[in-house]
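Trainee: Could you take me through one strand of this model in close detail, with its partners and its surroundings?

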Amino acid sequence: MIKNRRGSNRAKALLEEIGFDEITDIPMDIFAAGLGATLIEEKLPNSDGKIIRGNSKTLIKVNSDIEFEERKRFTAAHEIGHYLLHDKLDLEVHNETSNTLNWFNTAENQAKKGIQEWEANDFASELLMPEAVIRKAVYRKKFSPDLVKELSVRFKTSLTSIIYRLLSLNIYPLFVVFINNGQVRYWSKSDGYWIKIKEITKLPPPEDSVAQEYIDGKYEFLYSGKEKAQSIYKSTWFELRDDEDDCDFFEYCIPYKQLKTIISVVWEE
């Protein structure tokens with residue numbers, strides 16, 4: 001399958017045009033202004049972000065009630081992606097919600113608007129976490145929840161964005177599951193990662209999974225520090241071959257109580 005790289009290619013070209021390897025230390029409102037758009041924060045009921053296209057000016061709004069600055073930054077970068085990529089959006093006023101900003105929903109959607117959301121996310125991901133820079137940042141480092149946190153601070157973007165970036169660049173062999181309202185909605189794995197996934201889509205996660213612990217725990221944070229990487233069996237999420245013994249894997253969950261979602265990451269050390 002040929003992947004759509006229009007968004008990341010545009011972000012790479014933009015970084016080259018402005019002569020920056022990354023924009024981590026540049027406030028997003030200043031960055032948007034340099035591109036000819038105005039970015040402001042204000043309360044947006046039922047919306048994370050919004051782009052308003054006029055005849056001569058473009059206004060980008062980010063919901064001031066978003067709790068984490070990293071999410072605000074990704075939302076702004078996503079809207080800038082629309083601004084630079086999509087001259088003919090169906091609506092002059094385009095709203096972003098948790099769904100449109102969610103890789104795991106939009107990746108499945110092949111409708112026209114879904115492709116635009118994919119491209120805007122791909123653009124934001126490359127703009128905030130350039131491939132060359134993130135590969136250098138993880139060089140010779142093992143995957144762990146601490147590394148995800150370290151990269152989140154380093155690139156000023158969310159834990160979820162970091163995980164998806166590592167997955168999409170095939171930097172580590174990872175299996176990532178998106179769970180909403182107690183059911184597996186979507187999963188993805190690194191290319192070439194030869195594991196056989198159990199039938200889990202549209203079903204609750206396995207009873208012995210860490211994800212199910214979080215659901216039972218009402219999406220509260222259950223583990224901290226080194227305990228974020230919980231030991232599980234390979235057979236928890238994967239089918240074993242007839243001649244294969246079970247072995248230790250690890251699972252790390254990021255719950256989002258407000259939306260009843262969990263991102264679960266599974267890997268082998």
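Mentor: S5 and S11 pair in the antiparallel sense over six bridges, where strands are DSSP runs of E with at least two residues, numbered from the N terminus, and two strands count as paired if DSSP finds at least two bridges between them. Within this pairing, valine 176 of S5 has valine 265 of S11 as its bridge partner. This is a predicted model, in which local features need pLDDT of at least 70, side-chain atom pairs count only at pLDDT 80 or more, and totals for chains, interfaces and linings use all residues. Residues are numbered from 1 along each chain as its sequence is written, and side-chain values use heavy atoms, with hydrogens and water left out.

S5 is also joined to strand S6 (residues 183-189) by six bridges, and these two strands likewise run antiparallel; here valine 177 stands opposite tryptophan 187 of S6. Two residues lie between S5 and S6 in the hairpin that they form, and asparagine 181 in the turn has a positive phi of about 50 degrees.

As for the surroundings, six of the six residues of S5 (residues 175-180) are buried, so the strand is largely enclosed by the rest of the structure; buried means under 20% relative accessible area, exposed over 50%, and partly exposed in between, with a 1.4 Å probe and protein chains only. Phe175, Val177 and Ile179 point one way from S5, while Val176, Phe178 and Asn180 point the other way, and all are buried.

Returning to S11 (261-267), the segment after that strand holds glutamate 268, which counts as partly exposed because its relative accessibility is 43%.

Key
Helix = DSSP H or I, 4+ residues; strand = E, 2+ residues; numbered from the N terminus.
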